[in-house]
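Trainee: Please choose one part of this structure for a close look, and then show me, step by step, which side-chain contacts are found there and elsewhere along the chain.

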Amino acid sequence: MTDSDSSTKLKAKKQGILTASQLPDVLVQLESKAIDASVSAYELLTRSLQSTRESWLVSGLWEHCMKSCSEPLCKLIASTPDTHSGRLFEKLNDGLMKSKTRLSSIIVLGYIIRQEPTWLYKISGTPLFETIMTCLKTENNISILMNAILTVAALLPSIPVAVGPRLHGLFNAFMRLMNTFSTGYRGILFVHCFFNLCLDE
């Protein structure tokens, strides 16, 4: 261990924040069924997010979230401070670009939007926003497409200027989704359920 590593760990211990080597164990505690351990881990991770300027913590949380996608972890990611929002947008975009993690990424993004973090408006100026709009045009997976539609609809109040001109893309995606269902009672039932989901958002 170098003097620099020792100094970083000592400083982190005094401040009550994490070091990179401790993250895996703390994430296990976060998802523990023992409430006290889970709450302690959540508080430690929250303090660390507020104090740490480096990107390793957000990256580590994201990688673990793509494996478990648990509610405590999603809640923690949604509480990411503005200082780390850029890195989080990058990780979300990377996740949406890969077919293996696209569905999990769009679900986590939807959760973040519902929490309404103060930095959410910044999404309109990121590659992530363009990737979401591309999903509306090209995605054929019903689950991903439906979540993408709900995501853009939920973003409308936060960034109306950015989403407004894209509404035709949103409607076209909805029509593509509709075309995957048969007409008649099944189609009517789908429309009813889908709009109920939109209202719940």
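Mentor: Before we look at a helix, we need one yardstick: the expected span of a helix is 1.5 Å times one less than its number of residues. Please also keep in mind throughout that this is a predicted model.

Let us take helix H9, residues 142–155, as our part. H9 has 14 residues, and from its first C-alpha to its last it reaches 20 Å, which is close to the 20 Å expected at 1.5 Å a residue. Of these 14 residues, 10 are buried, so H9 is largely enclosed by the rest of the structure. The buried residues include Ile144, Leu145, Met146 and Ala148, and Ile149, Leu150, Thr151, Val152, Ala154 and Leu155 are buried as well. At the start of H9, a side-chain oxygen of Asn141 comes to within 3.0 Å of the backbone nitrogen of Ser143.

From here we can step back to the loop between H8 and H9, where Glu139 lies. The side chain of Glu139 meets that of Arg102 in a salt bridge, with 3.1 Å from N to O. Arg102 belongs to helix H7, and the two partners, 37 residues apart, link distant parts of the chain. Both Glu139 and Arg102 are buried.

This salt bridge leads us to the others, for a search of the whole structure finds four of them. Another one joins the side chains of Asp82 and Lys122, at 2.8 Å from N to O. Asp82 sits in the loop between H5 and H6, while Lys122 sits in the loop between H7 and H8, so the pair ties together parts that are 40 residues apart in sequence. Asp82 is partly exposed, with a relative accessible area of 38%, and Lys122 also counts as partly exposed, at 32%.

Glu90 and Arg87 form a further salt bridge, in which the closest N and O atoms are 3.0 Å apart. Here the partners are three residues apart in helix H6, and therefore separated by about one helical turn. Glu90 is partly exposed at 42% relative accessible area, and Arg87 is partly exposed at 27%.

Helix H6 also takes part in a contact between rings. With a cut-off of 6.5 Å between ring centres, the count comes to one aromatic pair. That pair is Phe89 with Trp119, an edge-to-face arrangement with 5.5 Å from centre to centre and 80° between the planes. Phe89 is in H6, whereas Trp119 is in the loop between H7 and H8, 30 residues apart, and the pair thus links distant parts of the chain. Both Phe89 and Trp119 are buried. Elsewhere, a charge is found over a ring: Lys75 lies over the face of Tyr42, at 5.6 Å from the ring centre.

Finally, consider the cysteines, for which the structure holds zero disulfides. Cys69 is in no disulfide, and the nearest cysteine sulfur, that of Cys74, is 4.2 Å away. The sulfur of Cys74, in turn, is 4.1 Å from the closest cysteine sulfur, in Cys65, which is too far for a bond because a disulfide needs the two sulfur atoms to be within 2.5 Å. Cys69 counts as partly exposed at 29% relative accessibility, whereas Cys74, at 7%, counts as buried.

Note on methods:
Residues are numbered from 1 along each chain as its sequence is written. This is a predicted model: local features need pLDDT of at least 70, side-chain atom pairs count only at pLDDT 80 or more; totals for chains, interfaces and linings use all residues. Side-chain values use heavy atoms; hydrogens and water are left out. Rings of Phe, Tyr and Trp (its six-membered ring) pair if their centres lie within 6.5 Å; planes under 30 degrees apart count as stacked, over 60 as edge-to-face and the rest as tilted. Helices (H or I, at least four residues) and strands (E, at least two) are DSSP runs, numbered from the N terminus. Buried means under 20% relative accessible area, exposed over 50%, partly exposed in between (1.4 Å probe, protein chains only). A charge sits over a ring if NZ of Lys or CZ of Arg is within 6 Å of the ring centre and within 35 degrees of the ring normal. A salt bridge is a side-chain nitrogen of Lys or Arg within 4 Å of a carboxyl oxygen of Asp or Glu. A polar contact is a pair of N or O atoms within 3.5 Å; within protein, one must be able to donate a hydrogen and the other to accept it, and residues adjacent in sequence count only if both atoms are side-chain atoms.
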